[in-house]
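Morning, everyone. Please have the sequence and the structure open, and follow along as I go.

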Amino acid sequence: LFRHDAFVAGEWHGGDRRVPVTDPATGETMAEVTRCAPADAERAIAAAHDAAPPLKASLAGDRATVLHRFADLMAEHTADLALLLTSEQGKPLAEARGEIAYAAAFLRWFAEEARRAYGDVIPPTKSDQRLLVLREPVGVAAAITPWNFPSAMITRKLGAAYAAGCPLVLKPAEATPLSALALRVLATRAGMEPGAFQVLTGDASDAAPLGKVLTGSPLVRKLSFTGSTEVGKILLRQCAETVKKVSLELGGNAPFLVFEDADVDAAVEGCLVAKMRNGGQTCVAANRILVHAAVHDAFVEKLAARMGAMKVGPGVDEGVAVGPLVDEPTFAKVRAHVADALELGAETVLGGGPHALGRTFHEPTVLTGVGGEMLMTREETFGPVAGIQKFTEEDEAIAIANDTRAGLIAYFYARDVGRVWRVAEALEAGMVGVNTGLVSNTVAPFGGVKESGLGREGSQHGLEDWTELKYVAIGL
Ligand code: SIN
């Protein structure tokens, strides 16, 4: 499964330029992968274009069989896939194993959805006509995926694309190409056609030129991107020129509210998951933690105790709960957010600094007295730092929670059933976690409102973005 070459036009493609892939826990180079050029992206698009008609004509049941086999292979190779993922990304092995199961579940889900891509028969308005709506694949699709979930963010797109009958050209994150290449190996073993899934690897400086080819080509009819809001906006603008279908899953800046009627222990456990999954490096990470004054001190004390007990270290080590941050820029951003908050009056309850292990390891950190003017409330921190604000009124908490251009997810803890409905409806987010810190699920629609994105992934709605409706009126 350990491949270093890109996969273009039906072949493993070495090319003449390489980029190192680094283990964030050790700084060691794990592999040197192909740096694809714009011409490679053009070749991949042409191969996908050739693959599109037979894929469209293939039977949904046959595509479902391939996706199920693919998921079986992922399950069979969980240990290797998880080790590869942890080595290039840094998350603890237990979390990596969880991600492989999550990733495989998308393949299984879309295997079943492939069989249910129904159209409609419309009662005609004239006796000599019959009206139908067919659901067809969009055509050649491109995907650009992030480093924080190097496997699951691929299968969430690839599973839907293949189920719908769309060939996919993938550009995985430069930090984590090895998981993507391993998936291509398993796709081949599962029987997936070469042109149905191609992988363009490259370094950070290749991302813009490759992205331009993918967004600029009139042959590509859809782009699906998971990543930063900033990059998402650039891609959306670039796709306007060829009027592509675009799905975007962008930044979250999620609020996490704890009301005075909450079960504080449960809220602490939920916050731990929402904040600390993948060391805080998720789009759905609790970023602005708002706690009612009546339970503030108890919540802070318990959260600090739980976070303080988390073992920091290389993800492959036994018992590690917090791995290194993925790279230097991510670490530098976390440092800048903490420094800014402390300068503006926040107080340190736990941690606050780089971890003694060095590199990009950061101490689990709890800060109180965090306010709306601080960087860590205006932007996603993407690290193991819980910044806590105090509130006293429900309306005030909702207003603060909604005071952002993002709207991916919001969490809150409360027991009053009236409040549960009121707050769930008032929060401006595509997803709301009530008394839970983890909502991600293959069977539910994942996606945001406002500047957090367009479209939904997973669930019965996840296939829609990869299909077009064709209305057929038949005169008799
Ligand atoms: C993300 O952080 O982009 C996705 C997280 C998830 O699927 O839970």
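**A walk through the model**

One thing before we start: this is a predicted model.

Let's begin with the sheet. Seven strands, or 7 as I'll write it on the board, form an open sheet. The order is β14-β15-β16-β13-β12-β17-β18. The pairing is mixed. Which strands sit at the edges? They are β14, residues 347-350, and β18. Each of them pairs on one side only. From one strand to the next, the twist averages 25 degrees.

Now look at one pair inside that order. Strand β15 covers residues 365-368, and strand β16 covers residues 385-391. The two run parallel, joined by 3 bridges. Take Thr365: its bridge partner in β16 is Val385.

What packs on this sheet? Helix α10 does. α10 touches β12, β13, β14, β15 and β16. The direction of α10 makes about 170 degrees with that of β16.

Next, helix α11. It has 16 residues. From first C-alpha to last, α11 reaches 22 Å, close to the 22 Å expected at 1.5 Å a residue. Which of its residues are buried? Thr330, Phe331, Val334, His337, Val338, Asp340 and Ala341. The cover over those buried residues includes β15, α12 and β16. Just after α11 comes Gly345, with a positive phi of about 110 degrees.

Stay with phi for a moment. Most residues other than glycine have a negative phi. Here are two that go the other way. Asn435 has a positive phi, near 60 degrees. Asn435 lies in the loop between β18, residues 431-434, and β19, residues 453-454. Ser459 is not a glycine either, and its phi is positive at about 70 degrees. Find Ser459 in the loop between β19 and β20.

Are these two buried or exposed? Ser459 is buried, because its relative accessible area is 1% and buried means under 20%. Asn435 has 39% relative accessibility, so it counts as partly exposed.

On to a contact between parts of the chain far apart in sequence. Val273 lies in helix α9, residues 264-276. The C-alpha atoms of Val273 and Gly437 are separated by 5.6 Å. Along the chain, these two are 164 residues apart. Leaving out residues up to four places away in sequence, Val273 touches Gly437 and Leu438. Val273 is partly exposed, with a relative accessible area of 35%.

Last, two loop residues. Phe149 is in the loop between β7, residues 141-144, and α5, residues 152-164. Is Phe149 buried or exposed? Its relative accessible area is 8%, so Phe149 is buried. What does it touch? Beyond residues up to four places away in sequence, the contacts of Phe149 are Lys91, Glu99, Arg277, Asn278, Gln281 and Thr282. We met Val334 in α11. Phe149 and Val334 are 185 residues apart in sequence and 19 Å apart in space, C-alpha to C-alpha.

Then Glu318, in the loop between α10, residues 293-308, and α11, residues 328-343. Its relative accessible area is 72%. Exposed means over 50%, so Glu318 is exposed. From Glu318 to Phe259 is 36 Å, C-alpha to C-alpha, with their places 59 residues apart in sequence.

That's the tour. Questions, please.

Terms used: Residues numbered from 1 in each chain as written. Predicted model: local features only at pLDDT ≥ 70, side-chain atom pairs only at ≥ 80, totals over all residues. Heavy atoms only, no water. Helix = DSSP H or I, 4+ residues; strand = E, 2+ residues; numbered from the N terminus. Buried < 20%, exposed > 50% of the residue type's maximum accessible area, 1.4 Å probe, protein only. Contact = heavy atoms within 4.5 Å. Pairing = 2+ DSSP bridges. Axes fitted to C-alpha atoms, helices over the stretch in contact; angles between N-to-C directions. Expected span 1.5 Å × (residues − 1).
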